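Open the model in your viewer and get ready to select residues by number. Each stop says what to pick and what is there.

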Amino acid sequence: MTVAGRVARWVDQRVGAAKFTRSTLDYVFPKHFSFLFGEIALYSFVVLLGTGVFLALFYSPSEAEVIYGGTYAPLRGVAMTEAFESVVNLSFSVRAGLLFRQTHHWAAIVFLGAIFVHLRRVFFTGAFRRPRELNWVTGVTLMIVGIAEGFAGYSLPDDRL
């Protein structure tokens, strides 16, 4: 046994913390991994909020036509809307802009995937029945809104993605 193991055993004999710690960890971490998909959806939603606020700071929703003259050479001289120009400028001119766009994109995919898998687990285990049917309706509504927001997000830069 290592020194750390001996110290842990000595502390447990004096304090009796092992039983409390085990019961607490059993409550915090469920027995089956499928229960964690709700938490994955929550954490990816937090990432979506953070990256979405960052992206919104640089997005221009105007439909006015402009001639691109930014740093991305293949598009110089091309007519486009200000909305698409702001997305291109965010990707190539803003420090870590493309990283934030990609993080937002992949967090959205993980978010919808986690919601889908979580709803499947709830459905197949019958956990949508009374008294938790309101949670089920909320989850289905959240998935529908997430799909609609994904469609709207792809439409923002003029469907040129």
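The tour below goes through this predicted model stop by stop.

**Stop 1: helix H1**

Select residues 3–15, which form helix H1. Its 13 residues should span 18 Å at 1.5 Å a residue, and the end C-alpha atoms are indeed 18 Å apart. Now pick Trp10, which lies in this helix. Is Trp10 buried or exposed? Neither label fits: Trp10 is partly exposed, at a relative accessible area of 48%. Add Val3, Val7, Val11 and Val15 to the selection. Together with Trp10 they make a nonpolar surface patch of about 480 Å². An α-helix has 3.6 residues a turn, so residues three or four places apart point the same way. Step on to Gly16, just after H1, where phi is positive, at about 75 degrees.

**Stop 2: strand S2**

Select residues 79–81 for strand S2, and then Thr81 within it. Thr81 has 4% relative accessibility, so it counts as buried, the cut-off being under 20%. What does Thr81 touch, apart from neighbours within four places in sequence? Its contacts are Ser62, Glu63, Ala64, Glu65, Val66 and Asp158.

**Stop 3: the loop before H5**

Move to Ala96, in the loop between helix H4 (82–92) and H5. Ala96 is not a glycine, yet its phi is positive, at about 65 degrees. With 36% relative accessibility, Ala96 is partly exposed.

**Stop 4: the largest nonpolar core**

Select Ala41, Leu48, Ala107, Phe111, Ala114, Ile115, Leu119 and Met143. These eight residues are the largest nonpolar core. Which elements give two or more residues to this core? They are helix H3 (37–58) and H5. H5 has the largest share, with five residues. In soluble globular proteins, nonpolar side chains tend to be buried together.

Keep Met143 selected and show its surroundings. Leaving out residues up to four places away in sequence, Met143 touches Leu112, Ile115, Phe116 and Leu119.

**Stop 5: a cis peptide bond**

Find Pro131 in the loop between H5 and H6. Look at the peptide bond that joins Arg130 to Pro131. This bond is cis, with omega near 15 degrees.

**Stop 6: helix H6**

Finish with residues 133–155, the 23 residues of helix H6. From first C-alpha to last, H6 reaches 33 Å, close to the 33 Å expected at 1.5 Å a residue. Which residues of H6 are buried? Pick Gly139, Met143 and Gly146. Then show residues 97–125: this is helix H5, part of what covers those buried residues.

Key:
Residues numbered from 1 in each chain as written. Predicted model: local features only at pLDDT ≥ 70, side-chain atom pairs only at ≥ 80, totals over all residues. Heavy atoms only, no water. Helix = DSSP H or I, 4+ residues; strand = E, 2+ residues; numbered from the N terminus. Expected span 1.5 Å × (residues − 1). Buried < 20%, exposed > 50% of the residue type's maximum accessible area, 1.4 Å probe, protein only. Contact = heavy atoms within 4.5 Å. Patch = residues over 30% accessible without salt bridge, like charges linked within 9 Å, V, L, I, M, F, W, Y side chains within 5 Å. Areas by Shrake-Rupley, 256 points an atom, 1.4 Å probe, with all protein chains shown as cover. Salt bridge = Lys/Arg side-chain N within 4 Å of Asp/Glu carboxyl O. Core = buried A, V, L, I, M, F, W, Y, C linked by side-chain atoms within 4.5 Å.
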